[in-house]
Structures are given as structure tokens and as C-alpha cells.
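Dear colleague,

Please find below the sequence and the structure that I am handing over to you. My findings follow directly after it.

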Amino acid sequence: MNFMFIGGIGTQELLLVVVVVLILFGGKKLPELMRGAGRGIREFKDAMNTATTIDEDKKPEEKKEEEK
């Protein structure tokens, strides 16, 4: 297995990280942590999309005024 998208982390290193996380947080707490992380990422994406939409909705004159 080649995990090039993770920045050169090999299979052994990835397995070690998973084991350490399981030891620190336990099997019962881990799903709750991942759920919270997923919600945070979703809120961030929604905020980015909202900011882009608001910026696109402005008239060209308003954008020129903001740049000054």
C-alpha cells in the first residue's frame, strides 16, 4: 500500500498513529471525536461557500469601493 497523498507516511507509521489514538481515547470515544471533526469540517466548508456566494452577489461597483 502506497500512501503518497499523506505526505510520505508509510503503512507502519500510519498503523502506529492509529494504535496510539486508540490507546489515548479508547474505542468508545473515538467515533464521537470523528463525528465532531466531521461537523467542524462541514461548518468550515459551508462558511467558505457562504463567503464566496456573498462576494459573488455584490455589484461590481461595491467591489471597487472595497478595494480602495
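I begin with the charged pair. Glu32 and Lys29 form a salt bridge, in which the closest N and O atoms lie 3.4 Å apart. Please bear in mind throughout that this is a predicted model. The structure holds one salt bridge.

Why are Glu32 and Lys29 separated by about one helical turn? Both residues belong to helix α1, which spans residues 11-57, and they are separated by about one helical turn because they are three residues apart there. As for their surroundings, Glu32 has a relative accessible area of 46% and is therefore partly exposed, given that this class lies between 20% and 50%. Lys29 is likewise partly exposed, with a relative accessibility of 39%.

The next item is a nonpolar patch on the surface. Leu16, Val20, Leu24, Phe25, Leu33 and Met34 make it up, and together they have about 580 Å² of accessible area. One of these residues, Val20, is located in helix α1. Its relative accessibility of 38% places Val20 among the partly exposed residues, and this value also satisfies the requirement of over 30% for patch membership.

Leu30 deserves a separate remark. This residue, too, is found in helix α1. Is Leu30 buried or partly exposed? Leu30 counts as partly exposed at 21% relative accessibility, since buried would require a value under 20%. Once its neighbours within four places in sequence are set aside, Leu30 is in contact with Val21 and Leu22.

Finally, some figures for the protein as a whole. The protein has two helices and zero strands. It consists of 68 residues, of which 1% count as buried. The exposed area of the protein is about 6,400 Å², with 62% of it supplied by carbon and sulfur atoms.

With kind regards

How values were computed: Residues numbered from 1 in each chain as written. Predicted model: local features only at pLDDT ≥ 70, side-chain atom pairs only at ≥ 80, totals over all residues. Heavy atoms only, no water. Helix = DSSP H or I, 4+ residues; strand = E, 2+ residues; numbered from the N terminus. Buried < 20%, exposed > 50% of the residue type's maximum accessible area, 1.4 Å probe, protein only. Areas by Shrake-Rupley, 256 points an atom, 1.4 Å probe, with all protein chains shown as cover. Salt bridge = Lys/Arg side-chain N within 4 Å of Asp/Glu carboxyl O. Patch = residues over 30% accessible without salt bridge, like charges linked within 9 Å, V, L, I, M, F, W, Y side chains within 5 Å. Contact = heavy atoms within 4.5 Å.
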